[in-house]
Amino acid sequence: MDAHADAASDKSAGTLTVFPVPAFQDNYVWVIDNGKDAVAVDPGEAAPVLAYLDARGLTLRAILITHKHADHIGGVGTLLERFDVPVHGPAHEAIACVDHPHNGGETVHIAAPEMVLQVIDVPGHTAGHIAYFLGAGAAGAPRLFCGDTLFSCGCGRLFEGTPAQMLASLDALAALPPATLVHCTHEYTLSNIRFALAVDPDNVALNAWHREATALRAAGRPTLPTTLAQERVTNPFLRSDAPPVIASAEEHAGRASLSREAVFATVRGWKDTFR
């Protein structure tokens, strides 16, 4: 599908480029630019971001942070040594570099590259985790920068939040337009698919995505962004009310008649120990 095939040089019919800059072993720092000005999302490592900016003659104008973990904020200090820019991030997490804190529900206006983002409160992975939604327009399709809340065929571990919180957060993201491109920050897709197939082995869309994602990684290409439309039919954490997922959760839990929240909690706990 085009959303995946074009991920490494993603214009998606818009005037903004959204590029996954690889960092560490499996992180992506998403850089949004107009050919001159740029915004970096979750720059856990500065060096690859600086290399990308320099190679393309870009000037960093803003930084967006989704949550406090080091692999999402570790490069901010170095970037600020070179670029005096605003740092947007969660209000309920202790991140010293954040000078524009957000609770969720706010609108972020960035002048260059020109964009308007909606901030979504998505606790679960951490207590104050937020996400940024960029509507359709200059960046082509609508886009979601969701940190470690939603992954392709997965979701973040519950380090601080409850299953109920994470389920509500995922419901809020799943309610966005189906064409929304999902820009999460880890290349976890193949390992997530392996677990998803254990939960939902007869899912035709999931098996097709397994073949496509395997081919993309074999070619050295990212599997991201995915789309919400695809996640709704392949991701077990968005399918807590799907009969095959319910059946697998109840078998794993050894009891029947699980609530939707209990199905989600069971599948999330199962993933934590899955090998």
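Is Phe 195 buried or exposed? Keep that question in mind as you work through these exercises on a predicted model.

## Exercise 1: Aromatic pairs

Task: Classify the ring pair of Phe 151 and Tyr 188, and find where each residue sits.

Solution.
- Step 1. A search of the whole structure turns up seven aromatic pairs.
- Step 2. For Phe 151 and Tyr 188, the ring centres are 5.0 Å apart and the planes meet at 70 degrees. Planes over 60 degrees apart count as edge-to-face, so this pair is edge-to-face.
- Step 3. Now place the partners: Phe 151 belongs to strand E11 (residues 150–151), while Tyr 188 is in the loop between strand E13 (181–184) and helix H6 (189–199). They are 37 residues apart, and the pair links distant parts of the chain.
- Step 4. Check the accessibility. Phe 151 has 5% relative accessibility and counts as buried, whereas Tyr 188, at 28%, is partly exposed.

Task: Do the same for Phe 195 and Phe 274.

Solution.
- Step 1. The ring centres of Phe 195 and Phe 274 lie 5.1 Å apart, with the planes at 70 degrees, so this pair is edge-to-face.
- Step 2. Phe 195 is in helix H6 and Phe 274 is in the segment after helix H10 (260–273), so the pair ties together parts that are 79 residues apart in sequence.
- Step 3. Here is the solution to the opening question: Phe 195 has a relative accessible area of 0%, so Phe 195 is buried.
- Step 4. Look around these two rings. Phe 195, Phe 237, Phe 264, Trp 270 and Phe 274 form one aromatic cluster.

## Exercise 2: Building a sheet

Task: Trace the open sheet that contains E7 and E8, and name its edge strands.

Solution.
- Step 1. Start with strand E7 (residues 107–110) and strand E8 (residues 115–121), which are antiparallel and share four bridges. In this pairing, Ile 110 is opposite Met 115 in E8. A hairpin of four residues connects E7 to E8.
- Step 2. Move on to strand E9 (residues 130–134), which runs antiparallel to E8 and is joined to it by five bridges. Gln 118 faces Phe 133 in E9.
- Step 3. Strand E10 (residues 143–147) pairs with E13 in the parallel sense, over four bridges. Here His 183 in E13 is the bridge partner of Phe 145.
- Step 4. Put the strands in order: the open sheet has six strands, E7-E8-E9-E10-E13-E14, and its pairing is mixed. E7 and strand E14 (226–227) are the edge strands, as each pairs on one side only.

## Exercise 3: Two pockets

Task: Describe the linings of the largest and the second largest pocket.

Solution.
- Step 1. The largest pocket has a volume of about 330 Å³. Its lining has 19 residues, and those closest to the centre are Arg 157, Tyr 188, Asn 192, Arg 268 and Lys 271. You have already met Tyr 188 as a ring partner of Phe 151.
- Step 2. Both H6 and H10 supply at least two residues of this lining. Sorted by type, the lining of the largest pocket has five nonpolar, six polar and eight charged residues.
- Step 3. The second largest pocket holds about 200 Å³ of space. Of its 14 lining residues, Gln 25, Asp 26, Tyr 28, Glu 187 and Arg 217 are the closest to its centre.
- Step 4. The largest share of the lining of the second largest pocket is four residues, from E1. This lining divides into eight nonpolar, three polar and three charged residues.

## Exercise 4: Unusual backbone angles

Task: Where are the cis peptide bonds before Pro 113 and Pro 225, and what is phi at Phe 24 and Cys 153?

Solution.
- Step 1. Recall the background: most residues other than glycine have a negative phi, and most peptide bonds are trans.
- Step 2. The bond from Ala 112 to Pro 113 is cis, with omega near -5 degrees; Pro 113 is in the loop between E7 and E8.
- Step 3. The bond from Leu 224 to Pro 225 is also cis, with omega near 0 degrees. Pro 225 is in the loop between helix H7 (204–218) and E14.
- Step 4. Phe 24 has a positive phi, near 50 degrees. It lies in the loop between E1 and E2 and is partly exposed, at 47%.
- Step 5. Cys 153 has a positive phi of about 65 degrees. It lies in the loop between E11 and strand E12 (154–155) and is buried, at 0%.

Conventions. Residues numbered from 1 in each chain as written. Predicted model: local features only at pLDDT ≥ 70, side-chain atom pairs only at ≥ 80, totals over all residues. Heavy atoms only, no water. Phe/Tyr/Trp six-rings, centres within 6.5 Å; stacked < 30°, edge-to-face > 60°. Buried < 20%, exposed > 50% of the residue type's maximum accessible area, 1.4 Å probe, protein only. Pairing = 2+ DSSP bridges. 1 Å grid on protein atoms, 1.4 Å probe; cavity = no way out; pocket = protein on both sides within 12 Å on 5 of 7 lines; lining within 4 Å. Points joined across faces, edges and corners; volume = space filled by probe spheres on them. Nonpolar A, V, L, I, M, F, W, Y, C, P; charged D, E, K, R; others polar.
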